[in-house]
Amino acid sequence: MQTLTINGQDYQVDAPESMPLLWAIRDLIGLTGTKFGCGVAQCGACSIMIDGAVVRSCSTMVSQAIGKNITTIEGTSASLEALRQAWRNNSVPQCGYCQSGQLISAAELLDTNNNPTDEDIDNAMSGNICRCGTYVRIKKAIKEAVELKKQV
Amino acid sequence: MEKIEMKRRDFVKVLGLASGGLLFGCNVSADKVVVNTLENGISFVPNLFIQLQKDGKLTIVVARSEMGQGIRTSMASAIAEDLEADWKYVTVQQATGDSKFGNQNTDGSRSIRTLLKPMRKMGAMARTILEQAAAKKWNIPVSNCKAENHFVKNSTTGEEIFFGDLVEEAKTIAIPSDENIILKDKKEFKYIGKKVIRGIDMEDFLHGKANYGLDARLPNMKFASIARSPVTFGSVKSYDTSETVEIDGVEQVVQLDRLIPPAGQFFGMLGGVAVIANNTWSAFQGKNNLNIEWESGLNKTYDSEKFKEKLIGRIQNKSKVVPPFKGNVDKAFENADKVIEATYTMPHLVHAPMEVPNALAWVRDGKCDVWAPVQDPQTVRAEIAHFFGFAIEDITINVMMLGGAFGRKSKSDFVVEAVALSQKINAPVQVVWTREDDIQHSFYHAQNAQYLKGSLDKKGKVTGWLHRVAFPSITSSFKPMSNYIAGFELGMGFTNNPYDIENIQIENAKAESHLRIGWLRSVSNIISGFGINSFVDELAMVSGKDAIDFRLDLLGKDKAPTEKSPHPFNVARLKNVLLEAKKLSKWGRELPEGHGLGVAIHYSFYSYVATVVEVSVKSEKVKVENIYSVLDCGMYVNRDAVINQMEGAAIFGMSITMFGKISTKDGVVEQSNFHDYQMTRMIDAPNIHVHLVDNEEDPTGVGEPGVPPVSAAITNAIFNASGKRVRSLPLSDHGMV
Ligand code: FES
Ligand code: FES
């Protein structure tokens, strides 16, 4: 048994040795907001934060998260809430499937950069594929969230 | 019409609605609406349900699949509009796959096209009943009662009644006759054509709560991963499971035979070896550790590069002429001042929706329940009945949210696999495709080659047009040995070429299929859109005219539409989008060094699109800077969702143009995941500018029409920027990305 701390709550899991975090979170714990897209760190759908840093959970071992704080899309933070509001304002999602990962990647950007440039946004977000093609809106919403966050 | 035996409470139960409240059952088909409150027996089969509860909650049962096009929000807002509902009370429930909901197939960009009017009428009918109920309650003429934002207002006293408080009274009101149902004036619209405040699923998306197929869960369910033959339609010779059963979590290994669909319908399944585990990861690992010897079969010689050369060879020679043809092209070429010809090619493509194909099935007690992201639940149901012998009414398809589809999820092979496995192992089981499975075992968009030949007279006017095309047909997936393109495929831009040319001939050369061929967002319009728009550009350059003026000329004079169709082609609308795109893109403006503009137009799914692209070319590398798209889709419901679809179509078209390529060697697909089947990412995303034409025309397609013009607009822009004409896609083959 291992203990994983996700969004401030402890979960006991009995994960097979080589199992990546993605599957422990989805199949063993049952939090399905974190998505499977490629399994090889190419698409960003499975993005989560460990102690505030974004990782691709499909390619991160359970052992790397023991004793640390995991944040998933089911969680919250000042950056995530600002982003959610901006996402609403801009009707960003189409199918929505990639958006958990997009929001998590964007949250790290906002946590670490108060005034991201276009280039900063491109760099932070280019690991996240959106097959529906909502990039223009994501970029606009991130800029808006930066402003929203300053207001609170 | 079939007499319906079910009572109100049966519907409430089947639909999983809360009891109580006012329930409308409607039969909605493209041209008419039949409705009743279901309080007494009814004499029709309802296919749409609306429930108003005493707390004001308005539930709409939507029978179309949500795959990113915002259909749940659009359908709900069309009803809410004429019902005068307050959006905050509106919720949507997804219908299971059942014939009582009418045609549920979500493809061909047709949902809003066929359902807008009937849905509005449905809303207006419910509103009229609520107004009459208020009139009865107040004992005043109905003309003094006006519904507004979930209340009915007494126009004399200013008094108001909440919709929810009219539920009981409304049950006693007779269904109003057609002439008493008045649709709202367009000027009063709050939702249709406006930006909707809140998409129905927005909060779920933002909190990871939306339930996609892959999120379906049942107690004690199993997870399965299937190894399928690397060569299409190969079979298992032998396999060794010793390294698989070692894996923690793996429970059993099951062989599946291929199921071949009967001619003309269904999809069957490929078969293979399935690993069953108690979690997805162990199933994946177990599959990777199988040692399988395959019997590759007939397709093992398929080499897509060689096949491309074969197709190019075939279209250099006269092929099967397909109607309609006009005049005499040979004469036109003989008498021409200039004759030019060009050959264009595009490879196979795959949908790669963000959510991989998957399905959860549970077969027990002679019944079959499925939870899956499917575009066409009724066909799935019929297919399960066919292969496994269940009675139709014992099969339930719970349509989950679709994490993208683009045509992939209307082919139900992945559901058939889950049902077959559940039946074999006697447990609920979810089949999960890996991304590698998705890229390597799909129903592919067809590799294609086109040869175009055109003639110009001394004034630079086009006098003759010959268009030869070859690609394996979608029909081959339903009828083996279908080696020619089907009429419905040729009707996507080839035989309905919009240009006014005196001599036209279309020819179709043979193309065998060696992979499963299927439809992908916009289907063969992608092919015709690239070939025709590229060639028209080449003609324009040779004639020395401006690319937009040349096209306007070539489209000819405005004519009254003559086609026998619910939405006949109107050339004036196509010219209009082109002119709007000219304006939007500031066509003709001075461009920075190394930049170029290109244009393309296309008519598909009854909608009209013009796209202008601005690229920059620096040391042979192409960057798409701006995409300007103009869409005329008639009346639209959710303005912002339509714009979002057009933005998405621009990116989808870009992915095709820059990177889209599935190739095979020895019958095996060479790509496997997003590192070698790449798509456009944020860093490459251009600015996208969308303009929607406002008119009162009937609504037409939105999801697909934006894609076909993108490729040629990009390559035409590259020519404008650099003088290099790209005739074979993708650009990555030329080292240009
Ligand atoms: S699933 Fe982890 S990056 Fe794609
Ligand atoms: S919204 Fe569908 S993949 Fe991004």
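This is a dialogue on how to read the domains, the chain interface and some backbone features of a predicted model.

Visitor: I would like to start with chain A, so which domains does the assignment give there, and how far apart are their centres?

Guide: In this predicted model, the domain assignment divides chain A into domain 1, residues 2-71, and domain 2, residues 78-151. Taken over C-alpha atoms, the centres of domain 1 of chain A and domain 2 of chain A are separated by 21 Å.

Visitor: How many residues of domain 1 of chain A and of domain 2 of chain A are in contact?

Guide: One can begin by counting the residues on each side, and here 15 residues of domain 1 of chain A are in contact with twelve residues of domain 2 of chain A. A second way to read the interface is by its area: these two domains bury about 1000 Å² between them, with 55% of that on carbon and sulfur atoms.

Visitor: What does the count of salt bridges and of polar contacts come to between these domains?

Guide: Between domain 1 of chain A and domain 2 of chain A the count of salt bridges is zero, whereas six residue pairs, both at pLDDT 80 or more, are in polar contact across that interface. On the side of domain 1 of chain A that touches domain 2 of chain A, strands β3 (47-50) and β4 (53-56) of chain A each supply at least two residues. Sorted by class, the residues of that side of domain 1 of chain A are seven nonpolar, six polar and two charged.

Visitor: Now for the two chains: how many residues are in contact between chain A and chain B, and what area do the chains bury?

Guide: The reading follows the steps used for the domains, and it gives 51 residues of chain A in contact with 59 residues of chain B. Chain A and chain B bury about 4700 Å² between them, and 58% of this area is on carbon and sulfur atoms.

Visitor: How many salt bridges does the rule find across the interface of chain A and chain B, and which helices of chain A supply residues to it?

Guide: The rule finds six salt bridges across the interface of chain A and chain B, and one salt bridge is formed by the side chains of A:Arg88 and B:Glu203, at 2.6 Å from N to O. There are also 27 residue pairs in polar contact between chain A and chain B, both residues being at pLDDT 80 or more. On the side of chain A that touches chain B, at least two residues each come from α1 (21-29), α2 (78-89), α3 (99-112), α4 (118-125) and α5 (135-151) of chain A, and the largest share, five residues, comes from α5(A). By class, that side of chain A has 24 nonpolar, 17 polar and ten charged residues.

Visitor: Turning to the backbone of chain B, which residues does a cis peptide bond join?

Guide: A cis peptide bond can be read from the angle omega, which is about -5° for the bond joining B:Pro323 and B:Pro324; B:Pro324 has its place in strand β14 (residues 320-326) of chain B. Another cis peptide bond joins B:Leu729 and B:Pro730, with omega about 0°, and B:Pro730 is in the segment after α18 (710-722) of chain B.

Visitor: What is the phi of B:Ser522, and is this residue buried or exposed?

Guide: B:Ser522 has a positive phi of about 85° although it is not a glycine, and it lies in the loop between β22 (503-508) and α14 (525-543) of chain B. With a relative accessible area of 0%, B:Ser522 is buried.

Note on methods
Residues numbered from 1 in each chain as written. Chains lettered and ligands numbered in written order. Predicted model: local features only at pLDDT ≥ 70, side-chain atom pairs only at ≥ 80, totals over all residues. Heavy atoms only, no water. Domains from an automatic or database assignment. Contact = heavy atoms within 4.5 Å. Buried area = accessible area lost by both parts, 1.4 Å probe. Salt bridge = Lys/Arg side-chain N within 4 Å of Asp/Glu carboxyl O. Polar contact = N/O pair within 3.5 Å; in protein donor to acceptor, adjacent residues only side chain to side chain. Helix = DSSP H or I, 4+ residues; strand = E, 2+ residues; numbered from the N terminus. Nonpolar A, V, L, I, M, F, W, Y, C, P; charged D, E, K, R; others polar. Buried < 20%, exposed > 50% of the residue type's maximum accessible area, 1.4 Å probe, protein only.
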